[in-house]
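These are my notebook entries on a structure that I had not seen before. I set down what I looked up, one topic at a time.

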Amino acid sequence: MKKKLYIETYGCQMNVADSEVVASVMAERNFEISEDHDQADVILVNTCSVRDNAEKRVWGRLRHLNALKKKNKSLKLGLIGCMAERIGDEMLEDKVVDIVAGPDAYRNLPYLYDKAVDGEDAINVELTVEETYDSIIPKRMNDSISGFVSITRGCNNFCTYCIVPYTRGRERSRDPKDILAEVRDMIQNGYKEVTLLGQNVDSYKWLPEGETKPVRFHHLLEIVAKEDPALRVRFSTPHPKDIKESVVKTIAKYPNICKHIHLPIQAGDDEVLKRMNRRYTVEWYKNRVEMIRKHIPDCSITTDVFCGFCGETEEQFQGTLDMMKWVHYDTAFMFKYSERPGTYAAKKLDDDISEELKGERLSRMIELQNRLSLERNNNDIDKVFEVLVEGTSKKSEDDFCGRSSQNKMVVFPKQDAKIGDYVRVKIARCTQTTLIGEMVEKIDKPTI
Ligand code: 5AD
Ligand code: SF4
């Protein structure tokens with residue numbers, strides 16, 4: 001009889017993709033996915049360490065899941081992902097979990113499970129430069145039409161605040177053949193959208209055997225876009241220091257590559273950027289935005305930004321706000337700095353901004369972005385967008401929702417459309433987060 005595996009995923013899109021790799025590895029060894037943790041033989045929690053509050057949430061959840069072992073004596077609880085890498089050994093020692101596997105150890109999970117069943121310590125947090133999960137076709141977990149494919153793993157940038165290079169190890173690119181195999185598998189399974197993932201997609205580089213010219217990110221984008229003109233292609237995340245004109249031109253050239261670039265700024269002051277080791281200046285970033293707008297005038301630009309980094313003065317924070325206004329981001333993920341043990345900033349810089357001030361600055365940032373988002377959305381009224389229908393709107397059974405190429409949520413009355421269709425929608429009104437309109441017509445693939 002098959003054993004049952006329940007996976008819970010926290011954190012970034014890379015974790016969502018990794019959970020599908022884990023499901024595939026476990027399926028090879030006779031595990032099937034269960035939607036119900038009460039039925040499970042093993043529960044795996046895929047975790048994020050990027051900020052302290054992300055870890056706190058997982059702690060609470062693990063305690064709750066651990067209590068299930070009272071009812072189900074044979075249940076094994078596993079910690080995977082970034083927290084496993086960072087503090088998995090302590091958690092195993094304290095018997096919070098039975099299994100610990102870091103981001104490069106997922107092939108090892110069935111073995112670790114067996115060890116845990118035998119009552120032995122089951123931990124593998126080794127990071128390697130080789131593991132890219134070649135030839136594992138991820139097991140897609142729901143009947144979604146949109147999914148992720150990782151193209152690089154790890155990060156070499158060592159931004160001073162960031163834990164990722166320590167939890168996910170050194171950067172490595174995946175063979176385009178494996179990437180394409182995954183994309184084809186998605187197409188065969190009815191997927192209409194793929195997001196190519198990496199911590200720094202611009203540094204994607206693969207040298208095929210016997211060749212002298214490497215495959216770069218813009219080549220890869222083109223290869224994937226050409227595979228099926230009815231498959232939308234997105235990607236995340238480019239790095240402002242590395243994003244190339246060749247990439248932007250490729251986006252402009254293919255209607256099925258979405259006109260949206262997520263370009264994390266983090267801060268809008270040269271001194272702060274230097275302390276963060278971001279390796280670009282405000283001027284450079286502005287130049288990249290201008291380059292993008294020159295080739296793709298209707299490209300949406302979104303960002304990650306945080307306040308309260310070590311030594312941030314009011315004036316420097318104001319620089320961040322000014323930059324947000326200058327770019328006029330469509331949306332932004334906004335955070336307050338959270339010191340991560342082991343990073344350069346934790347070791348060498350003083351986390352000297354009080355929680356209170358961080359909170360106050362974050363509120364100002366959010367307030368500004370809300371206004372900017374609303375202005376951007378207002379600008380879209382009366383325009384027509386191509387939307388991939390994703391599902392029924394949360395607010396009304398009679399409406400569908402889906403995203404525009406610019407990654408904006410669009411809501412419209414269902415009419416004769418169905419999930420997975422491309423439709424043109426004319427926008428009539430908006431909120432800060434959503435465009436609302438009427439369907440004009442169906443189309444068979446993206447055209448602009
Ligand atoms: N504190 C706050 N935010 C952080 N991020 C990364 N590390 C930290 C940290 N220590 C943010 C960055 C990054 C996003 C994924 O999380 O904005 O782009
Ligand atoms: Fe972290 Fe910087 Fe790498 Fe992004 S680029 S994962 S912020 S170190």
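I began with terms: two strands pair if DSSP finds at least two bridges between them. Strands (E, at least two residues) and helices (H or I, at least four residues) are DSSP runs, numbered from the N terminus. I noted that this is a predicted model, in which local features need pLDDT of at least 70, side-chain atom pairs count only at pLDDT 80 or more, and totals for chains, interfaces and linings use all residues. Residues are numbered from 1 along each chain as its sequence is written, chains are lettered from A and ligands numbered from 1 in the order in which they are written, and side-chain values use heavy atoms, with hydrogens and water left out.

**Entry 1: the barrel**

I looked up residue V411 and found I436 of β21 opposite it. V411 belongs to a parallel pairing, in which strand β19 (residues 409–413) is joined to strand β21 (residues 434–443) by three bridges. I436 also serves as the bridge partner of R429. I then traced strand β20 (residues 422–430), which pairs with β21 in the antiparallel sense over eight bridges. Three residues form the hairpin connection from β20 to β21.

On its other pairing, β20 is joined by five bridges to strand β17 (residues 384–392), and the two run antiparallel. There I recorded V425 in β20 as the bridge partner of F385. In what order do the five strands close into a barrel? I read the order as β17-β18-β19-β21-β20, with mixed pairing. Neighbouring strands of this sheet are turned by 50° against each other on average, direction ignored.

**Entry 2: the open sheet**

I next found an open sheet of six strands, paired in parallel, in the order β2-β1-β3-β4-β5-β6. Because β2 (31–33) and β6 (122–124) stand at the edges with a single partner strand each, one side of each has no neighbour in the sheet. I noted an average twist of 25° from one strand to the next; axes are lines fitted to C-alpha atoms, for helices over the stretch in contact, and angles run from 0 to 180 degrees between N-to-C directions.

Strand β1 (residues 3–9) runs parallel to β2, joined by three bridges, and K4 has E32 of β2 as its bridge partner. Helix α3 (residues 82–93) packs on this sheet, in contact (heavy atoms within 4.5 Å) with β3 (42–47), β4 (76–81), β5 (99–101) and β6. The direction of α3 makes about 140° with that of β4. Helix α4 (residues 109–117) also packs on the sheet and touches β1, β2, β3, β4, β5 and β6. I read its direction as about 160° from that of β5.

**Entry 3: the ligands**

I listed the residues near ligand 1 (a heavy atom within 4 Å); among them are V50, R51, D304, F335 and K336. Strands β15 (300–307) and β16 (332–336) each supply at least two residues of this shell.

Which side chain has an N or O atom 2.6 Å from an oxygen atom of ligand 1? I found that of Q266. A nitrogen atom of ligand 1 lies 2.8 Å from a polar backbone atom of S338, and a nitrogen atom of the ligand lies 3.1 Å from a polar backbone atom of Y161.

Around ligand 2 I recorded residues including C155, C159, C162, H239 and R278.

Technical notes. Polar contact = N/O pair within 3.5 Å; in protein donor to acceptor, adjacent residues only side chain to side chain.
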